[in-house]
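Biologist: Please take a close look at one helix of this model and then follow its surroundings outward, keeping the reasoning explicit at each step.

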Amino acid sequence: MTSDEVTFRVAAASAEAAARLVLAAVPDDTEPNGVRRVRLPDGQEGGLEPEEVTHGEITARVSFAGVDECCGEFGPSSFYDPGIVDRIASQIAAIAI
């Protein structure tokens with residue numbers, strides 16, 4: 001499996017809220033060149049250019065701000081333990097296909 005990734009800094013009440021914000025900004029369709037242009041409501045923008053995707057699933061992987069520690073992965077078939085994540089408001093959400 002290969003994937004592409006773009007990282008956004010998102011202020012949210014929980015990891016799930018950060019993930020939902022980012023996932024809602026991912027378009028269903030790709031541009032003619034195969035890129036999905038992601039634009040958050042605050043103007044942050046990035047592009048996903050996957051070459052080969054397993055299951056075609058877009059997920060958001062959320063980490064604590066400034067720390068490379070995953071505190072949740074969110075998507076159609078993902079689950080998480082909310083006990084460790086809901087105490088931090090500012091998080092980084094990275095989306096990957």
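Modeller: In this predicted model, the buried residues of α1 are Ala-15, Ala-18, Ala-19 and Val-22. They span an arc of only 95° around the axis, which means that they lie on the same side of α1. The spacing behind such a pattern is general: an α-helix has 3.6 residues a turn, so residues three or four places apart point the same way. On the face of α1 turned away from that buried side, the exposed residues are Arg-20 and Ala-24.

The buried side can be followed into the packing. The largest nonpolar core is a set of twelve residues, including Ala-18 and Val-22 together with Val-6, Phe-8, Val-10, Val-38 and Leu-48. Both β1 and α1, the latter covering residues 15–24, supply at least two residues each to this core, and the largest share, three residues, comes from β1. Another core, of seven residues, lies apart from it, and Ala-15 is among its members, as are Val-62, Phe-64 and Cys-71. Two of the buried residues of α1, Ala-18 and Val-22, thus belong to the largest core, whereas Ala-15 belongs to the other.

Two members of the largest core, Val-38 and Leu-48, lead on to a pair of strands. Strand β2, residues 36–39, runs antiparallel to β3 and is joined to it by four bridges, and Val-38 has Gly-46 as its bridge partner in β3. Five residues lie between the two strands of this hairpin, in which Gly-43 adopts a positive phi near 100°. In a regular strand, side chains alternate between the two faces of the sheet. Strand β3, residues 45–48, shows this alternation, with Gly-46 and Leu-48 buried and pointing to one face, while Glu-45 and Gly-47 point to the other face and are not buried.

Glu-45, on that other face of β3, takes part in charged contacts. Side chains of opposite charge can pair when their charged atoms come close. Glu-45 meets Arg-37 in a salt bridge of 3.8 Å, N to O, and it forms a salt bridge with Arg-39 in which the closest N and O atoms are 2.6 Å apart. Arg-37 is also paired with Glu-31, the closest N and O atoms there being 3.7 Å apart. With relative accessible areas between the 20% and 50% limits, Glu-31 at 31% is partly exposed, as are Arg-37 at 37% and Glu-45 at 40%, but Arg-39, at 53%, counts as exposed. Through shared partners, these salt bridges join Glu-31, Arg-37, Arg-39 and Glu-45 into one network. The count for the model comes to four salt bridges.

A further contact involves the segment before β1, where Asp-4 is found. Asp-4 and Glu-49 are 45 residues apart along the chain, but their C-alpha atoms are separated by 5.9 Å. A polar atom of the Asp-4 side chain lies 2.4 Å from the backbone nitrogen of Glu-49. At a relative accessible area of 21%, Asp-4 is partly exposed, because burial would require a value under 20%.

Notes
Residues numbered from 1 in each chain as written. Predicted model: local features only at pLDDT ≥ 70, side-chain atom pairs only at ≥ 80, totals over all residues. Heavy atoms only, no water. Buried < 20%, exposed > 50% of the residue type's maximum accessible area, 1.4 Å probe, protein only. Pairing = 2+ DSSP bridges. Salt bridge = Lys/Arg side-chain N within 4 Å of Asp/Glu carboxyl O. Polar contact = N/O pair within 3.5 Å; in protein donor to acceptor, adjacent residues only side chain to side chain. Core = buried A, V, L, I, M, F, W, Y, C linked by side-chain atoms within 4.5 Å. Arc of directions from axis to C-beta.
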